[in-house]
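The following questions and answers introduce a structure to a reader who has not met it before. Please consider each question with the structure in view.

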Amino acid sequence: MKQEEFDKLKKAGEIAQKVIAYAKEIVKKEVPLLEIANKIDKKIEELGARPAFPVNLSINEVAAHFTPNFNDQKVAKGLIKVDIGIQIDGYVADTAFSIDLDNSEENKKLIEAAKIGLDAALEKFGVGVEIGEIGAAVEEAIKEKGFVPVRNLTGHQIKRFDLHAGMSIPSYATSQTEKLEEGVYAVEPFSTNGAGRVRDGNPSNIYHLTNEGNVRDNFARKVLNFIKEEYSSLPFCSRWIYNEFGSKGILALRQIEQAGLLHHYPQLVEMNRGIVAQAEHTIILKGNEKIITTKN
Ligand code: MN
Ligand code: MN
């Protein structure tokens with residue numbers, strides 16, 4: 001890894017820490033999710049970075065991939081997962097925390113379990129370690145707290161402008177003997193009092209560009225070019241398109257989707273509607289060193 005690359009990853013991690021600290025101040029019960037998301041977007045911009053994906057504000061049984069739409073009326077409540085991505089020149093920091101807005105003992109225990117699962121994974125992490133062993137450490141830690149990990153959500157390797165690249169990091173014991181290599185990883189266990197699996201739910205209004213190609217309509221083409229330039233292959237959301245182009249932008253987005261150029265992420269919902277907590281950090285493996293960029 002080049003020094004310049006390393007520096008940008010570190011910087012993205014430092015900014016992510018500041019945004020997380022800010023999010024912890026503003027995420028309160030009954031505050032509109034749209035207000036929280038817009039404030040977080042603004043904070044990222046003020047700090048001189050860009051989002052690597054739209055902030056996820058997923059509540060209770062929704063494990064991931066909820067971001068408010070431009071006209072969303074929902075407010076913060078329950079167990080909310082705040083998942084933030086920061087990029088500098090395509091170098092990404094990906095980090096999340098969970099907060100209980102219901103003063104629920106069960107929620108607090110779930111949050112603790114996800115954190116302990118993450119600590120166990122980070123402790124074990126290192127070049128040459130089998131990924132199955134990482135998963136086993138996470139599963140053991142979460143089960144000790146009386147919950148189960150979500151098995152079909154994984155951590156992931158990160159490359160430049162590529163959020164989910166290469167290796168996946170399991171959150172339960174597997175027989176995978178693939179070994180960790182030098183690189184950047186997001187480690188993100190989810191704990192639940194449900195079945196330990198998620199299914200696809202409603203559309204999220206989060207997309208990423210998947211295919212080359214064009215659209216016939218002039219205005220839609222303008223929106224498509226904007227998406228290419230602003231987000232490259234990283235995820236974006238309809239809220240951002242609305243902020244730039246208004247409701248015409250939403251129509252254009254639909255045309256781009258219909259032309260088959262986008263992946264539309266579904267919300268991910270716990271199979272038994274169990275409550276889900278998440279904890280996440282980004283870690284760089286470089287020789288014998290491990291640097292958690294999103295933690296000081
Ligand atoms: Mn994340
Ligand atoms: Mn992630």
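Q: Is Glu-280 buried or exposed?
A: In this predicted model, local features need pLDDT of at least 70, side-chain atom pairs count only at pLDDT 80 or more, and totals for chains, interfaces and linings use all residues. Residues are numbered from 1 along each chain as its sequence is written, chains are lettered from A and ligands numbered from 1 in the order in which they are written, and side-chain values use heavy atoms, with hydrogens and water left out. A residue is buried under 20% relative accessible area, exposed over 50% and partly exposed in between, for a 1.4 Å probe and protein chains only. Glu-280 has 0% relative accessibility and therefore counts as buried.

Q: Which residues coordinate the manganese ion (ligand 1)?
A: Donors are N, O and S atoms within 2.8 Å of the metal (3.2 Å for Na, K and Ca), and since water is not among the atoms, sites may look incomplete. The contacts lie at 2.1 to 2.4 Å, and Asp-83 is listed with OD twice. The coordinating residues are Asp-83, Asp-94 and Glu-280.

Q: How many residues apart in sequence are the parts that Asp-83 and Glu-280 tie together?
A: The donor residues of the manganese ion (ligand 1) are spaced D-x10-D-x185-E. Asp-83 lies in strand S3 (residues 79–88), whereas Glu-280 lies in the loop between strand S13 (276–278) and strand S14 (281–286), so the parts they tie together are apart in sequence by 197 residues.

Q: Which residue coordinates both manganese ions?
A: The manganese ion (ligand 2) is coordinated at 2.1 to 2.2 Å by Asp-94 (OD), His-156 (NE2), Glu-188 (OE) and Glu-280 (OE). The manganese ion (ligand 1) and the manganese ion (ligand 2) are 3.2 Å apart, and the residue that coordinates both is Asp-94.

Q: Is helix H1 roughly parallel or roughly antiparallel to helix H2?
A: Helices (H or I, at least four residues) and strands (E, at least two) are DSSP runs, numbered from the N terminus. Axes are lines fitted to C-alpha atoms, for helices over the stretch in contact, and angles run from 0 to 180 degrees between N-to-C directions; under 35 degrees counts as roughly parallel, over 145 as roughly antiparallel, 65 to 115 as roughly perpendicular and the rest as oblique. H1 (residues 3–26) and H2 (residues 33–46) pack at about 150 degrees, with their axes 10 Å apart. That makes H1, relative to H2, roughly antiparallel.
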